[in-house]
Amino acid sequence: MIKVETAKKWLDLFIEQLLENKVYLSELDTAIGDGDHGNNMARGATALKEKLAEKEYDNLTDLLKDTGMVMVSKVGGASGPLYGSAFIEMAKAAKNDEQVALADLLQAGLDGIQKRGKAAQGEKTMVDEWIPVIEDVQNNQLTTEKVDEYVEKTKPIKATKGRASYLGERSIGHIDPGAASSGLLFKTMLKAGV
Ligand code: ADP
Ligand code: MG
Ligand code: MG
């Protein structure tokens, strides 16, 4: 069972990390994209902070749904609708189900990302972070080190989805920015004890 208070703590930590890593994430995106991923996510983080301060949440669905709506409307770029779909699908998965398992919740999020973005594993996107993380959560084996390892593993991949795919071979050797921001999502999840 995932308590709404714990999920709120997770989101608060995620917001904090996105703001702290704004420059870093945009630097990653400068190498293989248009240099705005950190700014996009930080804009979303600031808006989310304001939104979550407006009321006390007493259920997971409302919390995750509001988060998704803010992501869609404020992050922009490719990542906004993708993170938005992830949180909105997680909200649906949490509906009427206090017992929802974390792996099932995250799987619903990943399904949302893939439904919208059509990326498979190995295309150098955030999907390459979500897939192995969910597998580890299922097996109760996720650690901060593993989250970082999966981010690093996007380096040798040649991008075939998103803006980085325009670079072809030149996308090789760089971390995918969206995988890195998803890494922050999962490290804060561990830290919050979700
Ligand atoms: P934009 O590329 O529009 O500037 P961002 O820079 O905010 O948007 O986000 C880029 C990130 O979005 C990439 O690093 C990648 O992880 C993710 N991304 C892009 N396209 C897809 C897709 N089709 N499926 C999953 N993730 C994607
Ligand atoms: Mg970008
Ligand atoms: Mg952009």
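In these legends, buried means under 20% relative accessible area, exposed means over 50%, and partly exposed is in between, using a 1.4 Å probe and the protein chains only. Welcome to a predicted model, in which local features need pLDDT of at least 70, side-chain atom pairs count only at pLDDT 80 or more, and totals for chains, interfaces and linings use all residues. Residues are numbered from 1 along each chain as its sequence is written, chains are lettered from A and ligands numbered from 1 in the order in which they are written, and side-chain values use heavy atoms, with hydrogens and water left out.

**View 1. Three aspartates hold the magnesium ion (ligand 2).** Asp29, Asp34 and Asp36 coordinate this ion through their OD atoms, at 2.0 to 2.2 Å. Donors here are N, O and S atoms within 2.8 Å of the metal (3.2 Å for Na, K and Ca); water is not among the atoms, so sites may look incomplete. If you follow the chain, the donors of ligand 2 are spaced as D-x4-D-x1-D. Asp29 is buried, at a relative accessible area of 9%.

**View 2. Asp34 links the magnesium ion (ligand 2) with the magnesium ion (ligand 3).** The two ions are 3.5 Å apart, and Asp34 coordinates both. For ligand 3, the protein donors are OD atoms of Asp34 and Asp36, lying 2.1 to 2.2 Å from the ion. Asp34 is partly exposed, with a relative accessible area of 37%. Asp36 is partly exposed too, with a value of 25%.

**View 3. Ligand 1 makes polar contacts with the protein, one of them to Ser79.** A polar contact is a pair of N or O atoms within 3.5 Å; within protein, one must be able to donate a hydrogen and the other to accept it, and residues adjacent in sequence count only if both atoms are side-chain atoms. An N or O atom in the Ser79 side chain lies 2.6 Å from an oxygen atom of ligand 1. Asp36 also takes part, with a polar side-chain atom 3.0 Å from an oxygen atom of ligand 1. From Met126 the partner is a polar backbone atom, 3.1 Å from an oxygen atom of the ligand. Taken alone, ligand 1 exposes 570 Å², and the protein buries 93% of that; these areas come from the Shrake-Rupley method with a 1.4 Å probe, and for residues only the protein chains shown count as cover.

**View 4. Residues and helices surround ligand 1.** There are 20 residues around the ligand (each with a heavy atom within 4 Å of it), and Asn40, Ala78, Ser79, Gly117 and Asp176 come nearest. Helix 3 (37–53), helix 5 (79–94) and helix 9 (177–192) are the elements that give two or more residues to this shell. Helices (H or I, at least four residues) and strands (E, at least two) are DSSP runs, numbered from the N terminus. Helix 9 supplies the largest share, three residues.

**View 5. Two lysines share the loop between helix 6 and helix 7.** Lys118 has a positive phi of about 60° although it is not a glycine. Lys124 has a positive phi as well, of about 65°, and is not a glycine either. Are these lysines buried or exposed? Lys118 is exposed, with a relative accessible area of 60%, whereas Lys124 is buried, at 1% relative accessibility.
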